Amino acid sequence: MQSIGRRAHIVNLDPAADATEFEFTIDIRDLISLQDVMEELDLGPNGGLIYCFEYLLQNLDWLDEEIGDYNDEYLIFDMPGQIELYTHIPVVPTIVNHLKSSLGFNLCACYLLESAFVIDASKFFSGALSAMSAMILLELPHINILSKIDLIKDEVSKRKLKQFLNPDPYLLAKQEDEINPQFTKMTKSIAQLIDDFGMVQFLPLDCSKDSKSVENILSYIDDVTQWSEAQEPKEPNDQIEIPDDAF
């Protein structure tokens, strides 16, 4: 975004975040940190993380005050990776509703699934099921992203990758030798459930330096958040195309 002249601010809502090359404009660790919670309350990482978010819910006025100077600008909320926060604990949905109703934000959820999951079909559909759960719980415009595809380009063909970008449960029948026989029936049931909902598709994210996939993903985010009404809407089938430079 900086390279194309657009301003963006990172809001870190991960109380266990490590230092990165990108500066956080707003940082939850100024309010509470996971390390402090674990030491003072003798909690483990997962319990401590939930405590941090419950504490944030009790102090949403802190978040409102921090965001107040930037509510007309583009904010990227960096969230923890623990899936429990997005599947069956209503903490994040409460924060989402607050941002929408109280602060008037147009939001888009981006769910990242690492591309290594496509190496094992059963793991992929487990990840896709988690993505679908998050979509249902958060009730937001939702973009699923298959990240780090540059790491598997030597193991997975472009044709095979397309099958995962638009998941088809019938591909499991072609890959039964890759599935643990103990879990074949369960895996197919999960895949069928995903197909019945028809909600899960992925955009590819290539992290190599010259990739345009980030620009492509950003254009979809702009569309669903109505960042630029001048942009032409994309057809649904376009969402599963792989950029020419993805490999």
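Select Arg 29 to begin: in this predicted model, its relative accessibility is 30%, so Arg 29 counts as partly exposed. Now add Asp 27 to the selection, and you will find that Asp 27 forms a salt bridge with Arg 29, in which the closest N and O atoms are 2.7 Å apart. Asp 27 itself has a relative accessibility of 11% and therefore counts as buried, because the cut-off for that word is under 20% relative accessible area. Side chains of opposite charge can pair when their charged atoms come close.

The structure holds four salt bridges, and the next one to select is the pair Arg 7 and Glu 73, whose side chains meet with a distance of 3.7 Å from N to O. This pair links distant parts of the chain, since Arg 7 sits in the segment before strand S1 (8–12), while Glu 73 sits in the loop between helix H3 (60–67) and strand S3 (74–78), 66 residues apart. Arg 7, at 57% relative accessibility, counts as exposed, whereas Glu 73, at 24%, counts as partly exposed.

Move next to Tyr 74, which lies in strand S3. Is Tyr 74 buried or exposed? With a relative accessibility of 9%, Tyr 74 counts as buried. If you leave aside its neighbours within four places in sequence and display what Tyr 74 is in contact with, you will find residues including Met 1, Arg 7, His 9, Leu 218, Ile 221 and Trp 227. Select Trp 227 together with Tyr 74, and you can see that their C-alpha atoms are separated by 8.9 Å, although the two residues are 153 places apart along the chain.

Now turn to the sheet by selecting S4, S5 and S6, which form an open sheet of three strands in the order S4-S5-S6, with parallel pairing. Strand S4 (109–114) and strand S6 (203–204) stand at the edges, and each has a single partner strand, so one side of each is left without a neighbour in the sheet. Strands of a sheet pair through backbone hydrogen bonds, either parallel or antiparallel. Here, six bridges join S4 to strand S5 (residues 142–147), and these two strands run parallel.

Stay with strand S4 and select Glu 114, whose bridge partner in S5 is Ser 147. Which side chain meets that of Glu 114 in a salt bridge? It is the side chain of Lys 148, at 3.1 Å from N to O. This pair also links distant parts of the chain, with Lys 148 in the loop between S5 and helix H7 (158–165) and Glu 114 in strand S4, 34 residues apart. Both residues count as partly exposed, Lys 148 at 33% relative accessibility and Glu 114 with a relative accessible area of 39%.

For the last stop, look at the nonpolar interior. The largest nonpolar core has 51 residues, of which Phe 53, Leu 56, Leu 63, Leu 146 and Phe 202 touch the most other members. Helix H6 (residues 121–138) supplies the largest share of this core, with eight residues. Select Phe 53 and set aside its neighbours within four places in sequence: Phe 53 is in contact with Leu 13, Pro 15, Met 79, Pro 80, Leu 85, Val 91, Val 92 and Ile 95. To finish, select Cys 108, Leu 203, Ile 217 and Leu 218, which are among the ten residues of a second, separate core.

Conventions: Residues are numbered from 1 along each chain as its sequence is written. This is a predicted model: local features need pLDDT of at least 70, side-chain atom pairs count only at pLDDT 80 or more; totals for chains, interfaces and linings use all residues. Side-chain values use heavy atoms; hydrogens and water are left out. A nonpolar core is a set of buried Ala, Val, Leu, Ile, Met, Phe, Trp, Tyr and Cys residues joined through side-chain atoms within 4.5 Å. Buried means under 20% relative accessible area, exposed over 50%, partly exposed in between (1.4 Å probe, protein chains only). Helices (H or I, at least four residues) and strands (E, at least two) are DSSP runs, numbered from the N terminus. Contact means heavy atoms within 4.5 Å. Two strands pair if DSSP finds at least two bridges between them.
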